[in-house]
Amino acid sequence: MKYLVLVLALFSFQAEAQTWPNKPIRIIVPYPPGGQTDIITRWLGEKLAPVLGQPVLAENRAGAQGIVGLEAAKNAAPDGYTFVYSNVSNISLNPHMHEKLPYDGQKDFAPVTQLGLSVLAMVVPSSLGPKTLKEFVAYAKANPGKVSFASFGNGSTSHVYGEMLKGAAGFDMVHVPYKGAGPAVQDIMAGHASTGIHDLASVGPHVASGKLVALAVTGPRRWPALPELPTFLEQGYALDIAGWNGIMAPAGTPQPILERMSAEINRIIQAPEGREQILKYGLLVTGTTPAEFGDIIRRDTPKWGEVIKKAGIKAQ
């Protein structure tokens with residue numbers, strides 16, 4: 001009897017995968033419009049729609065550093081019509097920042113593909129004065145209590161990197177968390193915050209326009225799109241652990257659908273045009289199979305826990 005049930009389930013999954021998709025697909029974006037996740041999701045949806053023959057729509061579910069969106073994705077039907085944009089913040093950092101999460105990043109979601117490695121840039125408003133990281137550190141030390149950094153959420157990589165820099169450089173900054181990169185970057189440009197460490201999709205255009213000044217990038221090497229901008233590591237601060245972005249689905253989504261979605265996304269981002277576009281959005285394309293992405297998550301989550309513990313970061 002059990003064998004018969006398994007056989008019937010297998011045939012059901014195969015039939016579902018063969019007819020998939022036959023209606024619009026949504027990708028939940030667990031952050032507000034205007035940030036890297038939102039921009040990439042909408043671009044990816046436009047590219048996927050003609051390939052899959054159905055609209056692929058971005059649905060913003062912002063709040064609590066991705067928790068609202070991830071919970072919505074967890075509770076969605078695992079039928080191949082709901083996916084979620086995930087990153088190291090909401091999958092690998094949140095478990096170390098919150099005692100009680102309404103989801104388990106490794107049990108409640110099925111990996112689809114890692115899109116790429118994420119590099120963040122530290123920026124200041126052009127009106128602040130410092131043009132280099134050395135000048136900013138000197139400015140912060142000379143103005144105790146007056147310097148703040150805007151992150152795209154409590155417990156996010158933006159927050160973690162800021163705390164790491166504070167500890168490494170020996171100065172203080174007030175952390176101001178926002179509900180996404182978009183509003184945080186707007187307040188930095190307006191001078192309401194002294195600095196922030198954000199994705200290139202959010203700050204790049206404003207650096208190009210001269211409204212923001214970029215001081216450093218995270219990661220182990222310089223960013224190809226900004227080869228003149230030194231890393232934190234080059235300037236004496238070990239902010240070289242890289243984040244990642246990817247696509248996941250509710251646990252239980254049929255494996256053939258996960259494999260198909262992974263293959264289609266990888267074809268798009270691995271093409272020369274896709275690589276160039278993703279690089280502009282602040283990701284160095286990797287592209288993985290579902291199994292490879294799962295291995296990365298299991299490997300990286302403990303590493304980020306060690307970083308958070310060392311920096312003494314706690315949820316606010």
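**Helix packing and nonpolar cores**

In this predicted model, helix α2 and helix α10 touch through a handful of side-by-side partners: Ile 40, Trp 43 and Lys 47 on α2 meet Glu 273, Gly 274, Gln 277 and Ile 278 on α10. Sorted by type, the residues of this contact come out as three nonpolar, two polar and two charged.

As for geometry, two packed helices are described by the angle between their axes and the distance between the axes. Here the axes of α2 (residues 36-52) and α10 (residues 272-280) come within 11 Å and cross at roughly 165 degrees. Angles over 145 degrees count as roughly antiparallel, and α2 and α10 are therefore roughly antiparallel to each other. The crossing of α2 past α10 is right-handed.

Turning to the interior, the largest nonpolar core holds 46 residues, and Leu 133, Phe 136, Leu 165 and Phe 232 are the ones with the most contacts inside it. Helices and strands both feed this core: α3 (67-74), α4 (88-97), α5 (133-142), α6 (157-169) and α11 (290-311) each supply at least two residues, and so do strands β5 (120-125), β9 (212-217) and β10 (243-250). The top contributor is α11, with six residues.

Leu 165 gives a feel for how the contacts are wired. Setting aside neighbours within four places in sequence, Leu 165 is in contact with Met 122, Leu 133, Gly 170, Phe 171, Phe 232, Tyr 237 and Leu 239. There is also a second, separate core of 28 residues, with Ile 25, Ile 247, Ile 265 and Ile 269 among them.

Note on methods
Residues are numbered from 1 along each chain as its sequence is written. This is a predicted model: local features need pLDDT of at least 70, side-chain atom pairs count only at pLDDT 80 or more; totals for chains, interfaces and linings use all residues. Side-chain values use heavy atoms; hydrogens and water are left out. Axes are lines fitted to C-alpha atoms, for helices over the stretch in contact, and angles run from 0 to 180 degrees between N-to-C directions. Helices (H or I, at least four residues) and strands (E, at least two) are DSSP runs, numbered from the N terminus. Angles under 35 degrees count as roughly parallel, over 145 as roughly antiparallel, 65 to 115 as roughly perpendicular and the rest as oblique. A crossing is left-handed if the near helix is turned anticlockwise from the far one by less than a right angle, and right-handed if clockwise. Contact means heavy atoms within 4.5 Å. Ala, Val, Leu, Ile, Met, Phe, Trp, Tyr, Cys and Pro count as nonpolar, Asp, Glu, Lys and Arg as charged, and the others, Gly among them, as polar. A nonpolar core is a set of buried Ala, Val, Leu, Ile, Met, Phe, Trp, Tyr and Cys residues joined through side-chain atoms within 4.5 Å. Buried means under 20% relative accessible area, exposed over 50%, partly exposed in between (1.4 Å probe, protein chains only).
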